[in-house]
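Trainee: I've got a new structure open and I'd like to talk it through. Can we take a look together?

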Amino acid sequence: MQSPEIRREAGKRKTFAIISHPDAGKTTLTEKLLLYGGAIQLAGAVKAKKDRSHAVSDWMEMERERGISIVSSVLQFPYGGKLMNLVDTPGHADFSEDTYRAIMATDAAVMLLDCAKGVEAQTKKLFRVCKFRKMLIFTFVNKMDRPGRDPFDLIGEVEDVLGIGVYPMTWPVLEAGSGRFRGVYHRLDKRVHLFEQVAHGGAERAPERVFAIDDPVLTTLLDDPTRKQLLDELELLDAAGDSLDDAKLAKGETTPMFFGSALTNFGLPQFLDAFVEMMPLPAPRHTDKGDVPPDDSRFTAFVFKIQANMDRAHRDRMAFLRVCSGKYERGMKLRHVRLDREIRLTNPTQFLAQERSVVDDGFAGDIIGVFDPGIFLIGDTLTDGAMLRYDPLPQFPPEYFARVAMIDPMKRKQLKKGLEQLAQEGSIQLFRPPEGREGESIVGAVGELQFEVVRHRLQAEYNVDCRMERLSYQLARWCEGEIPPLAKLESLLFGYGATDVHGNPVVLFKGPWQLETCAKSFPNTKFVELGVRGPSLDDAR
Ligand code: G4P
């Protein structure tokens, strides 16, 4: 049975992440979303928060502040009659598997590109996860108020590097000669929007004048070479570009692209209006008992992030749940499916714009943070009684590897236990060497800082001192099909053959060349980068 309230509320939520490389303008864009949505009144509030924690991990910050600084993990704010949930994808030193997992909790993404830099490394990494999920990705080409690359060149790069079609929804009007950003042509309303410069940081939309392309007034505002250039470019787009195909958009095969400047607001309203309108509502999610639609009356959620506190005196952890269906009500009893146990959530918290507040209710698309007394693992399902489980989250390929060297051999057992638990928690991935080399532990991480975090936690929580000896591997690929002789790979100079915590065969490579040569030598093996691989974590316990 479906309740009208659940259907109505699930129909309001839009949950997304912004994927970008540091400095592309994520903080500025987030701030504009909050300003335009009316959630904050003053520009600079988000920025101030960011500056406080720049360059150090949230972890270290937590230790210092003796609290959990999670305000930026998720923001909920109203926008255009919808409730937006923006899940943060921390970069810089905070880049970790959590960043990837954040994308698993969303329904769409905004890919933010700097017009002068195009597709950068971190964007590429995060994009792979969006593509894996086949979800709608909006592209916003930012900083158009500054000199940048040719827009056609940027389209080509997105298509070639990311393997996705591009449909420019807006097109920049650049002054012929100077390249000054004068406005955008909206390809759906078929109008030119010319901007007027306003002071940086205003909450109001940039003043603009809107014209049909053949409006005689436009000829007085744009010189002939500029108009000719614009008409030529639009003709080229119509002739050579992709069409706007809803099915391709929904599967993430085509990205709608917008041009603008988050700082000066130019081109931003055109993007935001289309984005809020086109962004999908929460979709049905797959469980071992079939798909669960967001308006299903049963409450279901899964854990996608666990944040532990580094401080010895504050060993508490926060678990973040993505609500997938039904209604969460404060104080309700929930079933922890893996433990087959009834629980009540402690301090369930939601994050409204700049503040945290206790959750009164939550619907599909919402993110709830709860105190975790050590009972949650990444991927755990919570329901109001139903015995179903959401699909395990994928394993993400680590790019940094280290051998864990024990300092006190008497602590072998504690070390093993500590590493296994940290791996289950999702901080690192643990690889076991092939047979005959037992005792060696290799850990892999997505961000370099994770090794420091792990060493610190092994010491604080398991009383084990160890050294992290960095290894020169750079890629992890899981083997599907025929399994190559893992123990021999290293001597053949291909890579390091190992098994992951679930017992799946995996090879660590020093670089793309080794991967390629190995793949040629074992043509019946598929070396895959990203995937959902069983058994689930609890089976591995
Ligand atoms: P991030 O969160 O992705 O790391 O980027 P952030 O928004 O902090 O932006 C990085 C820098 O780029 C900032 O400059 C910001 O003002 C600038 N920026 C963002 N959007 C635009 C834009 O549309 N046009 C131009 N010209 N600049 C933009 P900063 O000098 O590092 O900081 P601040 O002194 O401006 O605060």
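Trainee: Which residue in β26 stands opposite Ala402?

Mentor: First, this is a predicted model, where local features need pLDDT of at least 70, side-chain atom pairs count only at pLDDT 80 or more, and totals for chains, interfaces and linings use all residues. Residues are numbered from 1 along each chain as its sequence is written, and side-chain values use heavy atoms, leaving out hydrogens and water. Strands here are DSSP runs (E, at least two residues) and helices are too (H or I, at least four), numbered from the N terminus. The partner of Ala402 in β26 is Val443.

Trainee: How many bridges join β24 to β26?

Mentor: Two strands pair if DSSP finds at least two bridges between them. β24 (residues 400-406) and β26 (residues 442-445) run antiparallel, and the number of bridges joining them is four.

Trainee: Which strands stand at the edges of the sheet?

Mentor: The open sheet has four strands in the order β25-β26-β24-β27, with antiparallel pairing. Each edge strand has a single partner, so one side of each is left without a neighbour in the sheet. Those strands are β25 (429-431) and β27 (466-471).

Trainee: Are α12 and α13 parallel or oblique to each other?

Mentor: Helix α12 (residues 412-425) and helix α13 (residues 449-462) pack at about 120°, with axes 10 Å apart. Axes are lines fitted to C-alpha atoms, for helices over the stretch in contact, and angles run from 0 to 180 degrees between N-to-C directions. Under 35 degrees counts as roughly parallel, over 145 as roughly antiparallel, 65 to 115 as roughly perpendicular and the rest as oblique. α12 and α13 are therefore oblique.
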